[in-house]
Amino acid sequence: MEETKGYLMLSTGDVLEGVWLGKTTESDGELVFNTAMTGYQEVMTDPSYAGQIVTMTYPLIGNYGFNTQDKESHSPSIHGLIISTPCETPSHYQATQTLQDIANTHNFPILAQVDTRKLTKIIRKHGDVYGKMTKTPGNIPAQAKVSEKIVERVSVKEAQYYPANESKTAHVAIIDYGYKHSIREMLLQNGCSVTVFPFDVKLESLQEADIDGVLLSNGPGDPKSLGYLADEIKRIAEHYPTLGICLGHQLLALAFGGNTMRLPYGHRGSNHPVQHVPSGKVSITSQNHGYVVDETSISESLWNILYNNVNDGSIEGLQHCSKPIMSVQFHPEAHPGPSDTYDVFEQFLNSVRNGGVTTYA
């Protein structure tokens with residue numbers, strides 16, 4: 001098959017050349033890179049990456065194909081994928097599709113044979129980089145940032161109920177800012193029934209649904225774009241045992257008077273070390289975020305810092321001093337990534353089942 005040239009035009013003025021894998025679908029978005037060696041299917045379908053073009057730094061992508069089990073949403077959520085070398089003949093007993101199948105089935109843009117090492121260095125140097133995947137060199141990006149309404153686009157439009165996989169022990173609400181299906185599955189496997197609510201749900205709707213605990217999900221974009229929800233998030237968190245993950249962690253901090261700030265180029269990958277402050281234990285975690293909670297904005301009378309990032313010292317987790325509210329910046333559901341921090345779910349569910357009595361260790 002004849003290769004079709006494609007180009008990645010960057011807001012920095014750089015131009016990188018590659019070849020289209022599948023259909024030549026043009027797209028633009030914020031450029032980010034992910035350092036994981038595996039998990040490309042989860043990355044491509046994770047709604048947290050909506051509005052972004054993702055560069056996989058590992059040189060060979062697609063070697064175990066795509067299956068029906070590891071999707072984090074029903075179709076690719078990212079705006080495009082940049083890779084070095086595609087594997088055209090994947091080998092795995094669960095594989096049902098290849099990278100090219102995904103590109104053609106979903107009309108999804110993938111540029112291969114790109115110098116991903118050079119691109120990663122550009123992102124690390126400039127931080128805030130926007131790009132356009134195009135057939136025509138010189139076709140510059142039309143935007144310079146991710147839409148402030150990106151969460152509204154990826155969130156469910158109405159409540160969706162999922163019965164527990166076994167005898168029901170609790171009913172947990174996921175407030176959907178762009179949630180990963182693996183979070184829902186983790187709760188279902190632990191005997192919880194789950195209702196997924198739209199991002200702007202009110203406390204009264206949760207009460208009508210007879211909810212026992214609330215999980216504020218991951219999601220894309222700048223947390224401050226959802227600042228208008230802060231008062232409602234605080235009402236909900238003060239009423240139920242609550243766990244925030246990634247964007248949910250940042251929104252909890254904002255709701256209780258904290259602040260967030262942008263990282264130079266984010267944490268995205270499955271090998272990020274965090275330290276549990278009370279015990280000193282270090283765990284390896286899966287992460288995907290471009291913003292963090294500003295430590296100087298955290299009130300010591302309200303919050304204990306539960307986890308710190310080993311590499312840059314940024315806050316990775318918070319625990320409320322008097323209420324059953326906990327949040328983590330990393331992904332304890334570990335899809336993709338290590339399951340070192342699975343106990344975060346155990347602690348949350350213990351609190352839910354005990355009516356918020358249990359405190360986090």
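## Close-up views of a predicted model

**View 1. Glu333 and its surroundings.** Not counting residues up to four places away in sequence, Glu333 touches Lys180, Ser182, Ile183, Met186, Ile245 and Phe345. This is a predicted model, so keep that in mind as you look around. With one of these neighbours there is a polar contact: the side chains of Glu333 and Lys180 are joined at 2.9 Å. Glu333 sits in the loop between β19 (325-328) and α9 (343-353). Is Glu333 buried or exposed? Glu333 has a relative accessible area of 2%, which is under 20%, so it counts as buried.

**View 2. The residues listed as "active site".** In an unreviewed entry, UniProt lists Cys246, His331 and Glu333 under this label. Although these residues are spread over 88 residues of sequence, they cluster in space, with a largest C-alpha distance of 11.5 Å. From this set, His331 is part of the lining of the largest cavity.

**View 3. Cys246 and its contacts.** Look for Cys246 in the loop between β14 (242-245) and α8 (247-255). Cys246 is buried, and its relative accessible area is 2%. Which residues does Cys246 contact, leaving aside neighbours within four places in sequence? They are Asn218, Asn288, His289, Val328, Gln329, Phe330 and His331.

**View 4. A salt bridge between two strands.** Side chains of opposite charge can pair when their charged atoms come close. The structure holds seven salt bridges, and one of them joins the side chains of Lys5 and Glu17 (3.3 Å, N to O). Lys5 belongs to strand β1 (residues 5-10) and Glu17 to strand β2 (residues 15-20), so this pair ties together parts twelve residues apart in sequence. Lys5 is partly exposed at 48% relative accessibility, and Glu17 is partly exposed at 41%.

**View 5. A salt bridge linking distant parts of the chain.** Here Arg262 pairs with Asp128, and their closest N and O atoms are 3.6 Å apart. Arg262 is in strand β15 (residues 260-276), while Asp128 is in the loop between α3 (116-126) and β9 (130-134), 134 residues away in sequence. Arg262 has a relative accessible area of 34% and is partly exposed; Asp128, at 46%, is partly exposed too.

**View 6. A salt bridge within one helix.** Arg235 and Glu232 form a salt bridge, with 2.9 Å between the closest N and O atoms. Both residues lie in helix α7 (residues 230-239), three residues apart, or about one turn of the helix. Arg235 is partly exposed at 33% relative accessibility, whereas Glu232 is buried at 13%. Elsewhere, salt bridges that share partners join Glu30, Asp128 and Arg262 into one network.

How values were computed
Residues are numbered from 1 along each chain as its sequence is written. This is a predicted model: local features need pLDDT of at least 70, side-chain atom pairs count only at pLDDT 80 or more; totals for chains, interfaces and linings use all residues. Side-chain values use heavy atoms; hydrogens and water are left out. UniProt positions are given in the numbering used here, feature names are shortened, and annotations may be inferred rather than shown by experiment. On a 1 Å grid over the protein atoms alone, a cavity is a set of points where a 1.4 Å probe fits but cannot get out, and a pocket is an open set with protein on both sides within 12 Å along at least five of seven lines; lining residues have an atom within 4 Å of a point. Helices (H or I, at least four residues) and strands (E, at least two) are DSSP runs, numbered from the N terminus. Buried means under 20% relative accessible area, exposed over 50%, partly exposed in between (1.4 Å probe, protein chains only). Contact means heavy atoms within 4.5 Å. A polar contact is a pair of N or O atoms within 3.5 Å; within protein, one must be able to donate a hydrogen and the other to accept it, and residues adjacent in sequence count only if both atoms are side-chain atoms. A salt bridge is a side-chain nitrogen of Lys or Arg within 4 Å of a carboxyl oxygen of Asp or Glu.
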